[in-house]
2 protein chains.
Amino acid sequence: MCEANAYLLKEGKEELILEDISVLRPEKEELYLQNIFGEQKRIKARIKEMNLLDHRIVLEEV
Amino acid sequence: MCEANAYLLKEGKEELILEDISVLRPEKEELYLQNIFGEQKRIKARIKEMNLLDHRIVLEEV
């Protein structure tokens, strides 16, 4: 499967925010995340880097 | 494979920018894109929406 996990970078450490993300959409100052189970999250963050082969989306706080 | 294709939304139409993207990284006002063949692109755009199951990254001009 091709989903990715989102991690929030906080004080040099990565905190897992949501697994198996299928949809990501910036909304004003937030990011909307949705995973394959229908779980949704909005977080005040922006994308720092994504690596789809590693299934990783690294976010940083706005 | 889990790469995605990036499309730039321009006047309501989607223009294919780069296929099989593995890495995406915002850099100031640009987006850095790299695909599995090592091809790299920088484009003045931001993410509008991503759907990883559809392997689609839709960008819009800044």
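A polar contact is a pair of N or O atoms within 3.5 Å, where, within protein, one atom must be able to donate a hydrogen and the other to accept it. With that in mind, let us look at where chain B meets chain A in this predicted model. Between the two chains there are 6 residue pairs in polar contact, with both residues at pLDDT 80 or more.

On the side of chain B that touches chain A, two elements give two or more residues: strand 2 (13–27) and strand 5 (45–51) of chain B. Strand 2 of chain B makes the largest share, with 6 residues. Here is how the residues of that side divide by kind:

| Kind of residue | Residues on the chain B side |
|---|---|
| Nonpolar | 12 residues |
| Polar | 3 residues |
| Charged | 4 residues |

Charge plays a part across the interface too, with 2 salt bridges found there. In one salt bridge, the side chain of B:Glu49 meets that of A:Arg25, at 3.5 Å from N to O.

The size of an interface is often given as the accessible area lost when the parts come together. Chain B and chain A bury about 1600 Å² between them, and 67% of that is on carbon and sulfur atoms. Of the area that chain B buries against chain A, 36% comes from B:Cys2, B:Met50 and B:Leu52, more than any other three residues supply.

You can also follow B:Met50 into the strand pairing, as B:Met50 in strand 5 of chain B is the bridge partner of A:Leu24. Strand 2 of chain A (residues 13–27) and strand 5 of chain B run antiparallel and are joined by 2 bridges.

Methods:
Residues numbered from 1 in each chain as written. Chains lettered and ligands numbered in written order. Predicted model: local features only at pLDDT ≥ 70, side-chain atom pairs only at ≥ 80, totals over all residues. Heavy atoms only, no water. Buried area = accessible area lost by both parts, 1.4 Å probe. Salt bridge = Lys/Arg side-chain N within 4 Å of Asp/Glu carboxyl O. Polar contact = N/O pair within 3.5 Å; in protein donor to acceptor, adjacent residues only side chain to side chain. Helix = DSSP H or I, 4+ residues; strand = E, 2+ residues; numbered from the N terminus. Nonpolar A, V, L, I, M, F, W, Y, C, P; charged D, E, K, R; others polar. Pairing = 2+ DSSP bridges.
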